[in-house]
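Here is my note on the structure you asked me to read, set out as numbered points. Please keep the sequence and the model open beside the text as you go through it.

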Amino acid sequence: MHSLASSAIAACALALVLACGTTSAPATPSDDAGTGGDAAVDACKNGVRDGAESDVDCGGAACVPCFDGSLCRSSVDCTGGGCIGAPSRCVTPSCRDGLVDGKESDVDCGGACPDPCGKGKTCRRAVDCASSVCAGGACASASCFDGARNGDETDVDCGGSCARGCAAGSVCGVDRDCRHSLCDTTKRCASPATCANTTRDGGETDVDCGGPACPACADGRACAVAADCASSSCGSAMTCVAASCSDGMRNGSESDVDCGGAQCPSCAPGAACAAPTDCASQVCTPVDGGATCSAPSCHDQMKNGDETDYDCGGSCPLKCLPFQGCVSGADCRGGVCDAMTHACQPSCTDGFIDGSETDLDCGGPCPPCRPNRDCLGPADCTTALCSYIGHGDHCRPAPTCTNATQDNAETDLDCGGPFCVACAPGQRCVSSADCNGECLPSGRCQ
């Protein structure tokens, strides 16, 4: 009977904790208590929230993780791996909870979620994005030049609404998806028989290449238009030539005509780009269907234009801080640019505490500070007096013994102390040095 009663009490205590969310519950007597047994009750099975547990008998470093709905401190306390709310409770992350949790790359999309993320959402890999393009940690719009199969393309950057037809062997849906206008029953682009007969025929510009139906020709082969060439460049001699940065064509790794990519000069504002390195401004801004180079600005977090350092100096209104780059003193907040290092230097007139100053534009290498300003030694002060006052070392005012005020270490009004005349009999003193005569134990001069 005693054991049944104890079990009932423990069940009630546990129910009360779960229902009220309390942080503690009455201790439940163990079955051994009435029998004199000396077995210790398992701290993670005692029906009480104690120790490092986040809820009753769960969570913390020692106990099992808690089920959904239980109190938690962090996700490791929970079986489902999610801990949210105030007070925080365990939840199982889902792709419909309006939160970035679990393995999602953004709210309810990417990662382990079935739905890919849209343009501008955070991503870690291309598969996180509906466009299959993850650039700079964000999903970009699909385009026909992004190196991914997306949009209505039937293969990478070809077919569908793209101007480029797909090469032989690529996936296709209808004939118009293919460069040679032939999509076979396996939904793969096929080559016409005339493109493999070692004869120049069927509109080819060279043997088995070029023209409307055959693969593009290699460098040195005959061509009629740029599309006949794998390099997209048909030279003046009507032969395919290697892509260059001066052929007036967008080819090779260029992001726009004769600029961007791995080999060509960076692009001007307005030109297409795939990465910041394609742009002279180092700023590649996403736009619908792609991205373009932006003009330099004083707030783009890049060193570009005539800036001497990031978003400062040059024509920018913001002047550069000490040790940032400069060309002249006009680039610097303090007006001083080191001609050897081309770096801004601290100044005693820049309105900031910098360099070796002890306070605003004073102390250290700058003029001495007025009383009550911070100091490190006497040389930092106009009064040559630096001592601890209140909460740090400060410059002290020059001593005065005629201001009708007991200050500056005086033992009485305008007398005594290290600076003023000795006190008269009856005035306060600390030692006989403060008096014309003797300082009595009562602290008065005699």
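1. Is C420 buried or exposed? In this model, which is predicted, C420 has a relative accessible area of 13%, and because the cut-off for buried is under 20%, the residue counts as buried. Its disulfide partner is C401, with the two sulfur atoms 1.9 Å apart, and C401 is partly exposed, at a relative accessible area of 24%.

2. The link between C401 and C420 has a torsion of about -90° about its S-S bond, so the disulfide is left-handed. The pair links distant parts of the chain, since C401 and C420 both lie in the segment after β8 (393-395) but are 19 residues apart.

3. The structure holds 32 disulfides, and another of them joins C298 to C316, with an S to S distance of 2.1 Å. This link is left-handed, with -95° about the S-S bond. C298 and C316 are each found in the loop between β6 (290-293) and β7 (386-388), so the disulfide ties together parts that are 18 residues apart in sequence.

4. The two ends of that link should be described separately, because C298 is partly exposed, with a relative accessible area of 30%, whereas C316 is buried, with a relative accessible area of 3%.

5. A further disulfide joins C229 to C240, with 2.1 Å from S to S. The torsion about the S-S bond of C229 and C240 is about -85°, so this link, too, is left-handed. C229 and C240 lie 11 residues apart in the loop between β4 (138-139) and β5 (284-287), and both of these cysteines are buried.

6. Turning to the aromatic rings, a search of the whole structure finds 0 aromatic pairs. Rings do, however, take part in arrangements with charged side chains: the charged end of R250 sits over the ring of F145, at 4.1 Å from the ring centre, and the charged end of R333 sits over the ring of F352, at 3.5 Å from the ring centre.

7. Finally, please look at D42, which is found in the loop between α1 (2-20) and β1 (82-84). D42 is partly exposed, with a relative accessible area of 39%, and its side chain reaches the backbone nitrogen of C44 at 3.0 Å. What distance separates the C-alpha atoms of D42 and A242? These two residues are 200 residues apart along the chain, and their C-alpha atoms are separated by 77 Å.

Conventions. Residues are numbered from 1 along each chain as its sequence is written. This is a predicted model: local features need pLDDT of at least 70, side-chain atom pairs count only at pLDDT 80 or more; totals for chains, interfaces and linings use all residues. Side-chain values use heavy atoms; hydrogens and water are left out. Rings of Phe, Tyr and Trp (its six-membered ring) pair if their centres lie within 6.5 Å; planes under 30 degrees apart count as stacked, over 60 as edge-to-face and the rest as tilted. A charge sits over a ring if NZ of Lys or CZ of Arg is within 6 Å of the ring centre and within 35 degrees of the ring normal. Helices (H or I, at least four residues) and strands (E, at least two) are DSSP runs, numbered from the N terminus. Buried means under 20% relative accessible area, exposed over 50%, partly exposed in between (1.4 Å probe, protein chains only). A polar contact is a pair of N or O atoms within 3.5 Å; within protein, one must be able to donate a hydrogen and the other to accept it, and residues adjacent in sequence count only if both atoms are side-chain atoms. A disulfide is a pair of cysteine sulfur atoms within 2.5 Å.
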